[in-house]
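Please look through the sequence and the model shown below, and then follow this explanation through a few of its local features.

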Amino acid sequence: MEWFVADDGWLGRAVLLHGLAALYLVAFVAAARQGPALLGTRGLTPVPTFLRRVGFRQAPSIFHRWWSDRFFLAVCWAGAALALLTIVGGTARLPLPASMAVWALLWALYLSIVNVGQLWYSFGWETLLCEVGFLAIFLGNAAVAPPLLVLLLLRWLLFRLELGAGLIKLRGDPCWRDLTCLHHHHETQPMPGPLSWFFHHLPGPLHKVEVAANHVTQLVVPFGLFLPQPVAGWAAGIMLVTQLWLVASGNFAWLNWLAVVLAASVLPDAFWTWLLPGPVQDWLVPTQGGATLYPWVVAVVLLTVLVAVLSWRPVVNLLSPGQAMNASFEPLRLVNTYGAFGSVTKVRHEIVLEGLSEDGVWREYGFRGKPGLPGRWPRQYAPYHLRLDWLMWFAALSRRYAHPWLPRLQRRLLEADPPTLRLLAHDPFGGRPPGAVRAVLYRYRYTTWTESSARPGTAGTESSSASSFHRWREAEEQIVAHRLVEHVGRVRHALVAVLLLALVAVPAASSAGTTPFPAWASPAELDAFLQEQHRELHLPGLAVTVLLDGEVYLEATYGEAAPGGPPVTPDTPFVLGSTSKQFTGLAVQQLVADGRLALDTPVRTVLPELGGGAWSGVTVRHLLAHRSGLTEEDGLGQWGLGEVPGSIQEEVGRLAEVTPAAGPGERFEYSNANYDLLGAVVERVTGQSFESALQELVAAPLGLEATTTDLDLARERGLAAGHYTVLRRWNVEVPGPLPPGAAPSGFVTSTARDLTRLLQAHLDGGSGLDEAVLAAAREPLGEVVDQVDYGSGWFMLPFWELAEDPEARDEAQLPTVLEHHGDTTRSMSTIAMVPDHGLGVVVLANTGRGTHQTLQPRLWEELLHTLVGTPAPERDQDLLLAATPVLMVLLPLAQTGSLVWLVRTRSVRPGRSSGRTGRATVVVAGLLTAVASLLALEVVPARLEAGLLDTQWWLHAPDLAVSIALVLLLALATLAVLVGVAAGRLRRRGTDDAHPVPSAGR
């Protein structure tokens, strides 16, 4: 099988396998030494907490089966032992199945660590080690020739690694295109090495040559890997030299060394024979058996097909203008995409941790690799990786990188936790707890060739002899100011806003049990998430605004307001649905503030047509809090398919005939009828239409220019067309119900810009509406369930998405979020705010949920988790609802087919024997009818929480309603045919009994 083997790849394979084993050893030792403090049960990001919210399918790992700190260490040291066995050549001398098993075990053990490693293991070299390690399983041992296909797959990996890094640079920071990035990179890289200072001070023109050479190496040279030797070898040699240059210039873990061993596998044996002494060659390749085992050949071919299939998404990513960097597309990390330093920081900031000694002096903790005291020259650690030191650099870029581990790190230092202190190079307290811990921001820059060892006369500056860095402390006031500017201007990378977590001293007692300040995602991250949701959820149009500190942090729109129409903008009106209750509640509170109404005013004194009896004790407060006794069904009368009330007064007339199901204040039950009655109260008290009162009491004082219940006016302003998503995939413009009588509860129209102004009034004040009115609207008026209240159009509940541990969120001290959702069957809206953090969110879409019952909660919850930087919970998959679009098409088709088959078989033709085919037809048709009837009559309605005869079907899910009607009609038709079949058989049996056929033997 000459096509299968690479005769000139024996030594290249051996060098790669030994180099890979050495890097495995480094990785496992690093995990053992740092893992307990970072990932242990009391670590900075505990694995047990992670495992409770992430399932095995999302992150395959043996630690799902069992976790303890000792077991983690056992896995690490077992991996290190296997790697050491491989380094000394033991694995290569094992039989092929045993050799493959060792490599497979190394891969599985390290993948298990990476998949629970969270942010500490979120960098490209981790997935690269997993991918190379997986391919190494199929490289064979010393007894078999190197498989050409696997060596080509390794070249394909090296190609993607280099080209991805090159493309991300061209698409990223402009300094890569103008060849100036290396004027800054060596100084601002995450962890400088001992030679980085010298690289930084190379002449400027040489820096430009470096960048240009890097572009050629990463964008042109990789294509040479697939050319015949010696061209492929020369291409690999250029990459190898470039990677060694990077090794000398900084500490980048084992990323560059993995690229080196990959390139080494491309170099032909002739090169290694020239370079390596004979004994080394004999040790690397003890034999050259050349045997070819057919099961191994099959395994290699299947591997090649698998990699080819899985390469589709990485290739698409490489070609995409929005190229993702260092991403995995499946949990086993078999084929990934890579890139590095798409953007280069121009200024270096470092967070320095200090503890307060008994004599009142702040003393600095020393890290092993990251810059600290200027007198300490940077060390060389790569390929060993200092994960905490590396993340400290990222924390100085954006506080989202510091959540939630930096506050925990401070608490561990306050406790003088031994595993945490072992991560550091210097503990100024000798293992004793400090009085307090603080984080201080310093600006760092390299010294110059001519600078003296100190900088006298420069206040706040530190340096010393043999120093590579100067540093100076930046005032805390400047840091806060920077953060505010970034929120207003939406600068992409926050300037060490993490110091708001712990810039001042944090006593140990005060840090226990508190929830840290949220790690807001950047606008670019939010935009990427929303683009993905807009595409995945098939939303025709979407408008989102996010406020931080009361200022616009993100204002984004996607899609069209109508098919082929104008795009959605912040000024596009949407029908709000139940978030309309915000405005009705504010109008009522304004009347209360004016003394024209009281919360405890009996409703029947304003609306006497309601009469006495059950209505006698119902007050305005009860209506605001949904505690009047009216039911959810009482508020759905205006949604029927027949005649709907044409005005609020007609709706009052309808409700006058309804008897509340419970006494006033007895229980909470959400009902649109409560707010429709409040709209009628507003009309009676003001003597105006609800629209006029809305404008006078709410819209005008708040400066809302496009908020109205006048649908004709809203259409003139470009009202977003309502849509229905057929089969949860195709959007069709379908007008929804717009009953005038339900305007106070669900049919106000507004824009993202107006709703933003409403939230800003709540968060910052300064509007024309009295602060007391806004505050009253935020007050809880009654309990919904434990920890959840309802006020004037607001649900009030803990900010669950901020909890680090979903299992313990009830004990967390969480701020309150005020929110409300709306759904009109053709549009959706959400408005929410967290006053404690100045956070506000507006989400508008011009489609309803339909059969996708989790659409709105999914979009909202995942948006919040993305915003605050906490992992979203695993989605509960209702397989039946997920399969509903398929059932809606396939089930009627299957029923129709079985019915036609049943009619065409002899089982329904009088006087003919049915035979096996006929009996099978009857059984299949009967079973299909039973299953279809069960789904249509019971299962699907129960899952969608709607009765079969409920007119909500035709409004919320017309495609499903038509499908179920068709399913039932076909079931009845099939049942009728089956009854006919049974009757025909009975008649034939009676005829046969009356006229028996003589047997052949008589």
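In which loop is P230 found? In this predicted model, P230 sits in the loop that runs between helix α10 (204–219) and helix α11 (231–249). The peptide bond leading from Q229 into P230 is cis, and its omega is near 10°. A second bond of this kind joins A382 to P383, where the peptide bond is again cis and omega is near 15°. Here the proline, P383, belongs to the loop between strand β4 (362–364) and helix α17 (387–395). Such places deserve attention because most peptide bonds are trans, just as most residues other than glycine have a negative phi.

The backbone angle phi gives two further places to visit. Q118, although it is not a glycine, has a positive phi of about 55°, and Q118 is found in the loop that links α4 (96–116) with α5 (124–136). L179 is likewise not a glycine and has a positive phi, in this case of about 65°; L179 lies in the loop between α7 (174–177) and α8 (185–188). The side of L179 that meets the surroundings can also be described, since L179 is partly exposed, with a relative accessible area of 24%.

From the loops we can turn to the way helices pack. Two packed helices are described by the angle between their axes and by the distance between those axes. Helix α1 (residues 10–39) packs with helix α3 (residues 69–87) at an angle of about 165°, and their axes are 8 Å apart. Because angles over 145 degrees count as roughly antiparallel, α1 is roughly antiparallel to α3. The crossing in which α1 passes α3 is left-handed. Sorted by class, the residues in the contact of α1 with α3 are 20 nonpolar and four polar, with no charged residues.

Last comes a helix in which burial follows a pattern. In helix α27 (residues 648–656), the buried residues are I648, E651, V652 and L655. These four cover an arc of only 105° around the axis, so they are on the same side of α27. The spacing fits a general rule: an α-helix has 3.6 residues a turn, so residues three or four places apart point the same way. What do the buried residues of α27 pack against? Their partners are three helices, α28 (672–686), α29 (690–702) and α31 (743–746).

Methods: Residues are numbered from 1 along each chain as its sequence is written. This is a predicted model: local features need pLDDT of at least 70, side-chain atom pairs count only at pLDDT 80 or more; totals for chains, interfaces and linings use all residues. Side-chain values use heavy atoms; hydrogens and water are left out. Axes are lines fitted to C-alpha atoms, for helices over the stretch in contact, and angles run from 0 to 180 degrees between N-to-C directions. Helices (H or I, at least four residues) and strands (E, at least two) are DSSP runs, numbered from the N terminus. Angles under 35 degrees count as roughly parallel, over 145 as roughly antiparallel, 65 to 115 as roughly perpendicular and the rest as oblique. A crossing is left-handed if the near helix is turned anticlockwise from the far one by less than a right angle, and right-handed if clockwise. Ala, Val, Leu, Ile, Met, Phe, Trp, Tyr, Cys and Pro count as nonpolar, Asp, Glu, Lys and Arg as charged, and the others, Gly among them, as polar. Buried means under 20% relative accessible area, exposed over 50%, partly exposed in between (1.4 Å probe, protein chains only). The arc is that of the directions from the helix axis to the C-beta atoms. Contact means heavy atoms within 4.5 Å.
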